[in-house]
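This report introduces a structure to a reader who has not met it before. It treats selected helices, an internal cavity and the cysteines in turn.

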Amino acid sequence: MRRFLKLYRIEQKLFFRSADVFIFNLCMPVAVLLMISLIAGGKMAGDSGMTYLQSAFASLVAVGICCSAFMSIPIVVVDYRDKKILKHFYCSPCSPAWILGANVICSAVMAGISAILVTLVAVLIFGYRMPGNAAAFVGAWFLTMMAMFSIGLMIASLCRTVKAMNVVTSAVYFPMLFLSGATIPYELFPAGLQKAAGIMPLTQGIQLMKGVSMGSLPVHADGIVILLVAITAVCGTIAIKTFRWE
């Protein structure tokens with residue numbers, strides 16, 4: 001355990017020094033929240049029964065998850081593989097679970113900081129109050145995070161080169177970021193686009209968080225929970241089984 005904690009501490013320091021993590025995980029969600037709240041915070045978002053501020057809060061806490069899952073975990077692991085750093089780890093007591101686990105914890109810390117910053121801005125500056133249960137919301141956030149992280153880990157294990165990883169993460173990250181409702185309110189999408197976006201697991205996670213935050217679960221909430229748990233189990237298992245040192 002002591003060796004794992006040492007590995008985690010080193011990885012966490014590297015995360016804090018990353019300019020990309022600072023910009024996309026921490027600054028971007030807060031900037032989008034400020035923009036949406038200042039322009040139309042108190043107005044209703046379509047026919048959702050939520051104001052733009054209520055919709056944006058539940059969505060933007062997922063931006064940190066999305067950035068960590070697809071722009072942090074795969075980049076770090078595949079870059080280590082490409083630079084032969086993982087090859088050196090192979091000769092150490094480190095296991096694939098240690099390396100992947102340390103990066104998951106680092107990414108979770110950054111996603112958590114992002115969610116806290118969004119919460120502080122929403123509550124202290126715009127007077128946001130959550131009608132639903134805060135503890136249940138944290139549970140929905142955590143479940144969504146684990147599902148997205150498992151997909152990121154699977155990408156990190158399957159991609160052997162940085163070039164391949166960049167193509168795959170871009171194909172996954174940008175649709176998730178812009179079509180799931182994380183940055184643009186899902187309620188404003190045309191019906192056809194909503195159906196297409198509903199296929200994405202992040203869309204389902206955001207819908208669950210929105211429902212919990214408003215105190216009214218989606219009709220298919222049980223199905224969303226089962227889906228997210230299944231994604232976590234399947235993608236996490238594939239990530240560990242297909243992990244390669246070089």
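Which residue, with a positive phi, follows H3? Lysine 84 follows H3, and its phi is near 70°. The model is a predicted one, in which local features need pLDDT of at least 70 and side-chain atom pairs count only at pLDDT 80 or more, while totals for chains, interfaces and linings use all residues. Residues are numbered from 1 along each chain as its sequence is written, and side-chain values use heavy atoms, with hydrogens and water left out.

**Helices and their spans**

Helices here (H or I, at least four residues) are DSSP runs, numbered from the N terminus. The expected span of a helix is 1.5 Å times one less than its number of residues. The table sets out three helices.

| Helix | Residues | Number of residues | Expected span | End-to-end C-alpha distance |
|---|---|---|---|---|
| H2 | 19-40 | 22 residues | 32 Å | 30 Å |
| H3 | 52-82 | 31 residues | 45 Å | 43 Å |
| H9 | 201-213 | 13 residues | 18 Å | 18 Å |

For H2, the distance between the end C-alpha atoms agrees with the expected span. The end C-alpha atoms of H3 likewise lie at a distance that agrees with expectation.

**Helix H2**

A bend is the angle between axes fitted to the seven residues ending at a residue and the seven starting there. In H2 there is a bend of about 40° at cysteine 27. Proline 29 follows within four residues of that position. Several residues of H2 are buried (under 20% relative accessible area, with exposed meaning over 50% and partly exposed in between, for a 1.4 Å probe and protein chains only). Among the buried residues of H2 are Val21, Asn25, Leu26, Pro29 and Ile36. Methionine 35 also lies in H2, but methionine 35 is partly exposed because its relative accessibility is 49%. Between methionine 35 and leucine 143 there are 28 Å in space, C-alpha to C-alpha, and the two are 108 residues apart in sequence.

**Helix H3**

H3 has 27 of its 31 residues buried, so this helix is largely enclosed by the rest of the structure. A kink of about 35° in H3 is centred on serine 68. Serine 68 is buried, since its relative accessibility is 1%. The C-alpha atom of serine 68 is separated by 7.6 Å from that of phenylalanine 149, although the two residues are 81 residues apart along the chain.

**Helices H6, H9 and H10**

Glycine 152 belongs to helix H6 (residues 134-158). Its relative accessibility of 0% makes glycine 152 a buried residue. Glycine 152 and alanine 164 are 12 residues apart along the chain, and their C-alpha atoms are separated by 14 Å.

How many of the 13 residues of H9 are buried? The number is 12, so H9 is largely enclosed by the rest of the structure. The buried residues of H9 include Pro201, Gln204, Lys210 and Ser213.

Helix H10 (residues 221-241) contains valine 225, a partly exposed residue with a relative accessible area of 33%. The C-alpha atoms of valine 225 and valine 32 are separated by 27 Å, and the two residues lie 193 residues apart along the chain.

**The cavity**

On a 1 Å grid over the protein atoms alone, a cavity is a set of points where a 1.4 Å probe fits but cannot get out, and lining residues have an atom within 4 Å of a point. Grid points are joined across faces, edges and corners, and a volume is the space filled by probe spheres set on the points. The structure holds 1 cavity of 30 Å³ or more. The volume of the largest cavity is about 40 Å³. Its lining includes Ile36, Ser55, Ser59, Leu60, Thr183 and Pro185. Helix H3 gives the largest share of this lining, 4 residues.

By class, the lining of the largest cavity has 6 nonpolar, 4 polar and no charged residues. Ala, Val, Leu, Ile, Met, Phe, Trp, Tyr, Cys and Pro count as nonpolar, Asp, Glu, Lys and Arg as charged, and the others, Gly among them, as polar.

**The cysteines**

A search of the whole structure finds 0 disulfides, a disulfide being a pair of cysteine sulfur atoms within 2.5 Å. Why is cysteine 66 not bonded to cysteine 67? The sulfur of cysteine 67 is the closest cysteine sulfur to that of cysteine 66, but at 5.8 Å it is too far for a bond. Cysteine 66 is buried, with a relative accessible area of 0%. Cysteine 235 is in no disulfide either, and the nearest cysteine sulfur, in cysteine 159, is 13 Å away. Cysteine 235 is buried too, with a relative accessible area of 11%.

Terms used: Helix = DSSP H or I, 4+ residues; strand = E, 2+ residues; numbered from the N terminus. 1 Å grid on protein atoms, 1.4 Å probe; cavity = no way out; pocket = protein on both sides within 12 Å on 5 of 7 lines; lining within 4 Å.
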